[in-house]
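Subject: Helical model for you to look at

Hi,

Here is the structure I promised to pass on. Have a look at it first, and then read on for what I found.

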Amino acid sequence: MNVFQLLAIDHVKANTLLNEIASSSEYDIAMRARLCSELKRELELHSEGEKAHFYPALKRHPETSEFVQDALRVHDRMETALADIEDCPPDSREFLEKVGKLEELLLLHVQQEETEIFPTAERTFSPNESNVIAEKIAAMRPTRLQPAE
Ligand SMILES: [Fe+2]
């Protein structure tokens, strides 16, 4: 698996969790809390991996270095949006608004990466480099539990 495939899988996971949160019942606070902590963990792993190995690789190439600053700005906004969700009681009226804000930012992040950054980087990085970055990111992660059916 190369780095683009790995990061795109993360994007799908985060998006799926956000959809689950958005469609969850306001009466099931425990479920919302569980999904939110899962989402936080997914986004943290994703963000740590990108910042540790993917963005530094983008910076090494003149074709891709200019993408990094904007990408990091969106990461900061996502972190703030995530913290806002955590500060919000899961059964409050504002909860879904805050979830919606994070959904918008995740969409922006995914669009930036998948429509612009990944295609350019894929043309720029050697296949070996793309694989090595994926391995380094995977090595930062605990062995995953099997996904729930
Ligand atoms: Fe990403």
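Before anything else, a word on the labels: a helix here is a DSSP run of H or I with at least four residues, and helices are numbered from the N terminus. Val99, for example, has its place in helix α4. Please keep in mind that this is a predicted model.

Let me start with α1, which covers residues 3-22. At 1.5 Å a residue, its 20 residues should span 28 Å, and the end C-alpha atoms are 29 Å apart, so expectation and model agree. The buried residues of this helix are Val3, Phe4, Leu6, Leu7, Ala14, Leu18 and Ile21. Looking down the axis of α1, you will find them within an arc of 165 degrees, so they line one face of the helix. On the face turned away from that buried side sit the exposed residues Gln5, Ile9, Val12 and Thr16.

What do the buried residues of α1 pack against? Their partners are α2 (29-60), α4 (95-124) and α5 (127-139).

Now to the helix pairs. Two packed helices are described by the angle between their axes and the distance between the axes. For α1 and α2, the axes come within 9 Å and cross at roughly 160 degrees. Because angles over 145 degrees count as roughly antiparallel, α1 is roughly antiparallel to α2. Their crossing is left-handed. On the α1 side, the contact is made by residues including Val3, Leu7, Ala14, Leu18 and Ile21, and on the α2 side by residues including Leu35, Leu39, Leu43, His46 and Phe54. Val3, Leu7, Ala14, Leu18 and Ile21 are also among the buried residues of α1.

The pair α2 and α5 packs at an angle of about 165 degrees, with the axes 9 Å apart. These two helices are therefore roughly antiparallel to each other, and their crossing is right-handed. Here Gly49, His53, Phe54 and Ala57 of α2 meet Glu129, Ile133, Lys136 and Ile137 of α5. Phe54 of α2 also takes part in the contact with α1.

Next comes α3 (residues 67-86), which packs with α4 at an angle of about 160 degrees, the axes being 9 Å apart. That makes α3 roughly antiparallel to α4. The crossing of α3 and α4 is left-handed. Among the residues in this contact are Phe67, Met78, Ala81, Leu82 and Ile85 of α3, with Val99, Leu102, Leu105, Leu106 and Ile117 among those of α4.

As for α3 itself, its 20 residues should span 28 Å at 1.5 Å a residue, and its end C-alpha atoms are 29 Å apart, which agrees. Buried in α3 are Phe67, Met78, Ala81, Leu82 and Ile85. They cover an arc of only 100 degrees around the axis, which puts them on the same side of α3. Gln69, Arg73, Asp76 and Thr80 are exposed on the face turned away from the buried side. The buried residues of α3 pack against α2 and α4.

Finally, back to Val99. Is Val99 buried or exposed? A residue counts as buried if 20 or more other C-beta atoms lie within 10 Å of its own; Val99 has 25 of them, so Val99 is buried. Leaving aside residues up to four places away in sequence, Val99 touches Leu18, Ile21, Ala22 and Ile85.

Enjoy looking around, and best wishes!

Conventions
Residues are numbered from 1 along each chain as its sequence is written. This is a predicted model: local features need pLDDT of at least 70, side-chain atom pairs count only at pLDDT 80 or more; totals for chains, interfaces and linings use all residues. The expected span of a helix is 1.5 Å times one less than its number of residues. A residue is buried if 20 or more other C-beta atoms lie within 10 Å of its own, exposed if 12 or fewer, and partly exposed in between; C-beta atoms are placed from the backbone. The arc is that of the directions from the helix axis to the C-beta atoms. Two residues are in contact if their C-beta atoms, placed from the backbone, lie within 7 Å. Axes are lines fitted to C-alpha atoms, for helices over the stretch in contact, and angles run from 0 to 180 degrees between N-to-C directions. Angles under 35 degrees count as roughly parallel, over 145 as roughly antiparallel, 65 to 115 as roughly perpendicular and the rest as oblique. A crossing is left-handed if the near helix is turned anticlockwise from the far one by less than a right angle, and right-handed if clockwise.
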